[in-house]
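Q: I would like to learn how to read a two-chain model with some care. Could we go through its features in turn?

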Amino acid sequence: MRPSNPWLNVALWVILSFTTLFPIYWLFVISVKPAVDLFTTPSVILDTVYWRNYVEVFHDPTLRRYMTNSLIVSTGNAVLCSVLAFMACYALSRYDIGGKENIFFWTITNRMAPAAVFLLPFFLLFTKVFVIGDFKLYDTRIGLILLYSTFNLPFAIWTLRPTIDGIPRELDEAATVDGASTWQTIREVIWPLAKPGLAVTFILIWVFAWNEFLLAATLTSFNARTITTGLSEYVTTTGTEWGKMAAISIFTLIPALIIFSMVQRHIVAGLTFGAVKE
Amino acid sequence: MRSNKVGWLLLTPTLLLLGVFGILPFIYVLFLSFHQWNPFGASPDRIFIWGNNFRRLVFDGEFLLSIWVTLKFAFFAVFSEIVIGYLLAQLFMREFPGRAVFRTIHTLPLIVAPIVVGSVWRLMTTPSIGIIPYYANQLFGIDINIGRDAGTAFMFTVIMDIWHWTPLVTLTLLAALLSLPKEPFEQAQIDGASRAQIFWHITLPMIRPAILATVFIRLMDALRTVDEVWMLTGGGPGAATRYIGLHIWKVVFPKTDYGYGSAISVIVLYLTLVMCWMLYVGLVAPRNKGN
């Protein structure tokens with residue numbers, strides 16, 4: 001490449017970063033303004049910070065419930081998917097299972113399907129078919145956890161497979177020679193070595209589940225609503241409470257941001273199904 | 001190889017879960033699509049009506065319109081993202097101070113929940129609150145109202161998608177550019193090739209597989225965009241930004257016309273899978289054979 005002035009690049013990136021960050025900054029600005037100030041001349045600079053929106057959102061029992069639900073559902077889903085994917089990948093990697101590549105490929109087609117297509121069948125199954133006595137999967141956290149697995153478990157298998165394949169078979173064999181059972185081999189040899197890969201998978205799935213909106217909005221009504229659906233409820237009241245809407249958005253954003261800082265390098269590999277490695 | 005029983009045992013929970021929550025809904029929706037069933041309609045019983053739902057679908061103007069706007073949206077969004085993403089990836093190829101920091105900032109939108117992306121852009125564009133309409137009016141005298149003007153609403157859904165997903169394109173193409181060998185470029189420079197020539201004859205052919213893979217991934221995602229658009233425009237004004245997922249969610253679903261809704265779901269699933277398969281076979285797979 002032609003040598004160019006590096007500071008020109010820096011200047012360009014400052015502008016680009018501004019474009020990236022400004023919308024999020026603006027979200028913050030709206031969230032710390034009293035409602036009366038919103039309709040005056042929009043000002044970019046914050047002179048006074050008004051925390052009432054956050055205090056109110058935080059003390060709203062409904063929103064607290066939503067946030068708890070989100071935490072439980074995301075964590076539950078991430079645990080379930082990671083454990084099942086770990087088992088499945090180990091089986092696919094170490095055993096001579098007939099048609100295993102087909103099984104592997106089939107799992108990913110599950111994820112290619114648009115979620116909107118599954119709204120109707122899931123709604124009907126959850127309200128009319130998967131019913132045991134008074135118990136329905138509709139509007140339960142366990143329902144959401146199982147439902148998200150349809151989309152996240154294939155992803156977990158897809159991203160975890162290279163990790164498990166990368167652990168040398170000789171280690172298994174050595175363990176077997178030393179008299180370890182399959183369960184011991186998995187627990188003492190494979191699991192510790194797969195941990196870094198597992199952690200990344202776990203975290204990405206956690207974020208996917210946390211960010212999910214469409215299915216949660218349709219398949220919950222009261223008990224199991226998540227924070228993303230809570231956010232949407234502030235829109236249907238035609239935005240009389242912009243400040244609160246912004247504050248909830250910030251609340252929704254924070255956990256994902258923390259996680260982002262942890263696995264920043266793996267995000268692209270994650271979002272492209274490992275097609276691109278950095 | 002040890003006994004396969006254990007292998008199947010380890011695989012069973014996964015297969016069971018995906019069977020019940022992946023295949024069963026699919027079979028169920030396929031089954032329903034051949035029925036007339038509206039529990040709250042004139043005849044609440046489920047009646048088998050052969051392919052009537054599908055016949056109705058072909059003449060459903062709303063449905064066809066939503067497919068059309070979805071394709072338009074996906075085309076404009078993905079095309080812009082590829083072009084902008086490539087240019088930004090090229091910028092990242094150079095050495096400059098603070099590159100890692102800028103890269104981190106650039107990656108940020110990727111993890112923002114789609115619903116939050118929608119709310120961010122709604123706050124940016126809503127007249128009298130948003131900063132974009134205000135300055136567009138102050139500086140250029142343009143009135144921007146995404147609630148009234150279909151073209152503007154469409155444009156902002158595309159801009160929002162560009163803001164959200166260009167970083168993915170940048171990073172995938174950057175990874176591809178970084179993996180290229182240096183010799184052909186040096187040789188071309190020695191031979192006196194122009195920058196345009198280098199781009200068309202060396203860079204583009206070499207990163208073509210990466211570009212196609214990225215197009216594939218982005219297109220699949222763009223076609224099922226729901227959350228952020230719902231938050232930004234609610235599908236409006238009119239049906240201007242009512243993309244297919246939104247159409248199913250907001251128009252088909254609330255009507256409780258389960259048979260017809262199932263038929264739409266089946267067709268959308270079918271179209272997506274066919275398109276996905278065609279793109280995969282036509283664009284992504286050939287490169288794997290080559291190498």
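A: Let us begin with confidence, since pLDDT is the predictor's confidence in each residue, from 0 to 100, and what you see here is a predicted model.

Q: In chain A, where is confidence lowest and where is it highest?

A: As a general idea, where pLDDT is low, the predicted coordinates should not be read in detail. In chain A the lowest confidence falls in helix α12 (residues 267-271), with a mean of 66, whereas the highest is found in helix α3 (residues 61-94), at 92. Taken over the whole of chain A, the average pLDDT is 84, and 92% of the residues score at least 70.

Q: What is the mean pLDDT of chain B, and which helices of chain B mark its lowest and highest confidence?

A: The mean for chain B is 86, with 96% of its residues at 70 or more. Helix α12 (residues 258-290) of chain B has the lowest confidence, at a mean of 78, and helix α3 (residues 61-92) of chain B the highest, at 93. For the model as a whole, the scores are ipTM 0.85 and pTM 0.88.

Q: How many helices and strands does chain A have, and what pattern does chain B follow along its sequence?

A: Chain A comes to twelve helices and two strands, and twelve helices and two strands are also what chain B contains. The order is where you should look carefully: chain A reads α-α-α-α-α-β-β-α-α-α-α-α-α-α, while chain B reads α-β-β-α-α-α-α-α-α-α-α-α-α-α.

Q: What can the radius of gyration tell me about chain B?

A: It can be set against the value for a compact globule, which for 291 residues would be near 19 Å, whereas chain B has 24 Å. Along the principal axes, the C-alpha atoms of chain B fill a box of roughly 75 × 70 × 35 Å, and those of chain A one of roughly 75 × 70 × 30 Å.

Q: How should I read the span of helix α8 of chain A?

A: One compares the end-to-end distance with that of a straight helix, which for 30 residues would span 44 Å, while α8 (residues 182-211) of chain A spans only 37 Å between its end C-alpha atoms. In that helix there is a kink of about 55° at K195(A), shortly before the proline P196(A).

Q: Which domains are assigned in chain A, and how many residues of each are in contact?

A: The assignment gives domain 1 (1-50) and domain 2 (58-271), whose C-alpha centres lie 33 Å apart. Seven residues of domain 1 are in contact with six residues of domain 2, and the domain 1 side divides into five nonpolar, one polar and one charged.

Q: How many residues does each chain bring to the contact between chain A and chain B?

A: Chain B contributes 73 residues and chain A contributes 73 residues. On the chain B side, the largest share, 15 residues, comes from helix α1 (residues 4-32) of chain B, and the residues of that side divide into 52 nonpolar, 16 polar and five charged.

Definitions and conventions:
Residues are numbered from 1 along each chain as its sequence is written. Chains are lettered from A and ligands numbered from 1 in the order in which they are written. This is a predicted model: local features need pLDDT of at least 70, side-chain atom pairs count only at pLDDT 80 or more; totals for chains, interfaces and linings use all residues. Helices (H or I, at least four residues) and strands (E, at least two) are DSSP runs, numbered from the N terminus. The expected span of a helix is 1.5 Å times one less than its number of residues. The bend at a residue is the angle between axes fitted to the seven residues ending there and the seven starting there. Domain bounds come from an automatic or database domain assignment. Two residues are in contact if their C-beta atoms, placed from the backbone, lie within 7 Å. Ala, Val, Leu, Ile, Met, Phe, Trp, Tyr, Cys and Pro count as nonpolar, Asp, Glu, Lys and Arg as charged, and the others, Gly among them, as polar. The radius of gyration is taken over C-alpha atoms; the globule rule is 2.2 Å times the number of residues to the power 0.38.
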